[in-house]
Amino acid sequence: MSIANMHDLHILTLDLFVKLSQYAENQLALSQKKYLATSEEKNPNKKFIQNAIIRHLVENENLKDAVKNRNINDWELNDEYVRIVYDAMLKSDVYKKYMNSTETSYDADRAFVAKLFSNVIAPNEKLYEYFEDQKLTWLDDVPVVNTLILKSIKQAKPGKERIFLSELYKDDEDKVFVRDLFRKTVLNDEMLTAEIQGKTPNWDKDRIANLDLILLKMAICELLKFPSIPAKVTINEYIELAKEYSTSKSSMFVNGILDKLIKEYKKENKLNKIGRGLM
């Protein structure tokens, strides 16, 4: 299932940070053991491996369990890609500036990891080629996964990091719901697109954030195709999703469109909700 494949890509990409840290630590250890080690090699700069965000990922038990349970061992079997990304990191201005800076703070660590990911890791062509060779569906998943990871890095706070989402589904019922929502959204794409277009007079597909478009289609599908879910629950959930994963103005945009649609659907008796108080 493509959703599970995308989750694997998410885990794999986060595990790359872990492997980069481990590789960096090994390189420092080797340098210290040199017979004619320089003063710098004997007392190396450990700022990268001690970075707060990197440490959070290295020590994250949920991430460790996910890597083990999903049998994700790509970087062990293909460690040359870890080395390729590590070398690219060392050459980058982002890395050099961070390592030479005297500032030591959580904000500085977070800003560095965000820049490292967006400027060095995400655009790495060799890494992209590797993902392409492993699973064709990952080509479409990479932009979404990268966006989610970057967003979560930027929003990280001390002790409240949410960079890794531990569980794909809460339970079997949740898995069925996700599958059904995904399928119905895809199968009704033309109708859902028309619904959005009708509520945006100056609608320009290219100017609406892709994630906003996806969220709106899912929300409308939920409103029309899932009678047991109250409309109020749907609109609140998708406003929160827009806040969490899209742009700063997305929640207002999503709220505005869904509010118009719900009023129209009620007027036209399209909201066929079942159960007590489900409107």
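Two rings of Phe, Tyr or Trp count as an aromatic pair here if their centres lie within 6.5 Å, with the six-membered ring standing for Trp. With that in hand, let's walk through this predicted model, beginning with a group of rings: Trp75, Tyr81, Tyr130, Phe131 and Trp138 make up one aromatic cluster.

Across the whole structure, a search turns up 12 aromatic pairs. One of them joins Tyr81 and Tyr130, whose ring centres are 4.7 Å apart and whose planes meet at 45°, a tilted arrangement. Tyr81 belongs to helix α6 (residues 80-91) and Tyr130 to helix α9 (residues 125-134), so this pair ties together parts that are 49 residues apart in sequence. Both Tyr81 and Tyr130 are buried.

Helix α9 turns up again when we look for empty space inside the protein. A search of the whole structure finds one cavity of 30 Å³ or more, and the volume of the largest cavity is about 70 Å³. Among the residues lining the largest cavity are Thr13, Phe117, Leu127, Val142 and Phe131; Phe131 is also a member of the aromatic cluster. Helices α1 (2-32), α8 (106-121), α9 and α10 (138-154) each contribute at least two lining residues, and α9 gives the largest share, with three. What classes of residue make up this lining? Eight are nonpolar, three are polar and none is charged.

Finally, have a look at two lysines that sit over aromatic rings. Lys47 lies over the face of Tyr98, 4.5 Å from the ring centre, while Lys184 lies over the face of Phe226, at 4.6 Å from the ring centre.

Technical notes: Residues numbered from 1 in each chain as written. Predicted model: local features only at pLDDT ≥ 70, side-chain atom pairs only at ≥ 80, totals over all residues. Heavy atoms only, no water. Phe/Tyr/Trp six-rings, centres within 6.5 Å; stacked < 30°, edge-to-face > 60°. Helix = DSSP H or I, 4+ residues; strand = E, 2+ residues; numbered from the N terminus. Buried < 20%, exposed > 50% of the residue type's maximum accessible area, 1.4 Å probe, protein only. Lys NZ or Arg CZ within 6 Å of the ring centre and 35° of its normal. 1 Å grid on protein atoms, 1.4 Å probe; cavity = no way out; pocket = protein on both sides within 12 Å on 5 of 7 lines; lining within 4 Å. Points joined across faces, edges and corners; volume = space filled by probe spheres on them. Nonpolar A, V, L, I, M, F, W, Y, C, P; charged D, E, K, R; others polar.
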